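Hello,

Here is the structure I promised to pass on to you. Please have a look at it first, and then read on for what turned up in it.

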Amino acid sequence: RGGARRWKGRSAIPPAVEAGLRTAGCGVEDNMNENQDMRGALARFTGEWTGRNQLWFEPGTPVHECETAASVVAVARGCCVAIRYEWEEAGAIQEGLLVVRNAPEVGAEDMVWVDSFHTGGQFMRLRGEADADGRVAALGSYPAPEGPDWGWRIVLGSDGTDDLHLLMYNITPDGSVYPAVETRLARRHR
């Protein structure tokens with residue numbers, strides 16, 4: 001297929017805004033190395049990204065793979081980053097937006113997510129979770145057609161500043177966790 005479309009987003013925080021972030025209480029110290037916690041250091045990931053997306057409908061079923069493109073921009077004076085992405089399923093382009101709070105501590109509402117395929121255009125709010133590997137993680141839920149709500153966990157990780165991993169998990173009412181989405185992105189260099 002032709003692959004996902006690319007966006008022309010801002011690739012960096014303007015110097016004046018970056019200086020203001022350090023005094024605005026947003027916790028945006030841009031000094032992350034590959035062994036540090038990502039929380040509060042998300043400004044490093046602004047830019048354009050491309051990669052592969054994997055989708056599982058349920059455990060044991062074949063994975064659906066496609067190309068993906070994403071744009072990461074700092075918003076709200078750097079207190080958040082917005083990850084706008086596009087992928088394809090069954091020949092149809094899908095789009096999503098993940099807004100992640102950029103703060104060093106876990107918060108009551110660390111992510112807001114909307115996706116044309118997964119959430120049907122509805123917002124999902126996710127509360128922050130501690131992650132032993134220093135990734136940014138959050139937990140939300142959605143109503144099942146029958147029975148109790150299911151959980152949805154999103155984990156944002158990286159091995160450095162030129163790769164970004166977006167992992168999403170379905171959580172059954174009994175607590176079983178299954179992979180739903182794995183997106184591996186590499187920074188597009190000019």
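A small detail to begin with: Q54 has E65 in β2 as its bridge partner. Before going further, please note that this is a predicted model, in which local features need pLDDT of at least 70 and side-chain atom pairs count only at pLDDT 80 or more, while totals for chains, interfaces and linings use all residues. Residues are numbered from 1 along each chain as its sequence is written, and side-chain values use heavy atoms, with hydrogens and water left out.

**The fold**

The chain has one helix and 10 strands; helices (H or I, at least four residues) and strands (E, at least two) are DSSP runs, numbered from the N terminus. Read from the N terminus, the order is α-β-β-β-β-β-β-β-β-β-β. The 10 strands form a closed barrel, β1-β2-β3-β4-β5-β6-β7-β8-β9-β10, with antiparallel pairing (two strands pair if DSSP finds at least two bridges between them). From one strand to the next, the twist averages 25°; the axes behind this angle are lines fitted to C-alpha atoms, for helices over the stretch in contact, and angles run from 0 to 180 degrees between N-to-C directions.

Some of the pairings are worth following by eye:

- β1 (residues 47-55) is joined to β2 by nine bridges, and the two run antiparallel.
- β1 is also joined to β10, by seven bridges and again antiparallel; here T50 stands opposite A186 in β10.
- β2 (residues 64-75) and β3 (residues 80-89) run antiparallel with seven bridges between them, and A70 faces Y85 of β3.

Of the 190 residues in the chain, 45% are buried (under 20% relative accessible area, against over 50% for exposed and partly exposed in between, with a 1.4 Å probe and protein chains only). Among contacts (heavy atoms within 4.5 Å) between residues at least 6 apart in sequence, 42% join residues at least 24 apart.

**The empty spaces**

Both kinds of space are found on a 1 Å grid over the protein atoms alone: a cavity is a set of points where a 1.4 Å probe fits but cannot get out, a pocket is an open set with protein on both sides within 12 Å along at least five of seven lines, and lining residues have an atom within 4 Å of a point. Grid points are joined across faces, edges and corners, and a volume is the space filled by probe spheres set on the points.

The largest pocket has a volume of about 320 Å³. Its lining has 17 residues, and those closest to the centre are F57, H118, Y142, W152 and N170. β10 (177-187) and β8 (150-157) each give at least two lining residues, with the largest share, three residues, coming from β10. By class, the pocket lining has 13 nonpolar, three polar and one charged (Ala, Val, Leu, Ile, Met, Phe, Trp, Tyr, Cys and Pro are nonpolar, Asp, Glu, Lys and Arg charged, and the others, Gly among them, polar).

There is one cavity of 30 Å³ or more, and the largest cavity has a volume of about 130 Å³. Of its 16 lining residues, N53, Y85, L166, M168 and T183 are the closest to the centre. The largest share of this lining, four residues, comes from β9.

**One loop**

P104 sits in the loop between β4 (92-101) and β5 (111-115). P104 counts as partly exposed because its relative accessibility is 46%.

Best wishes
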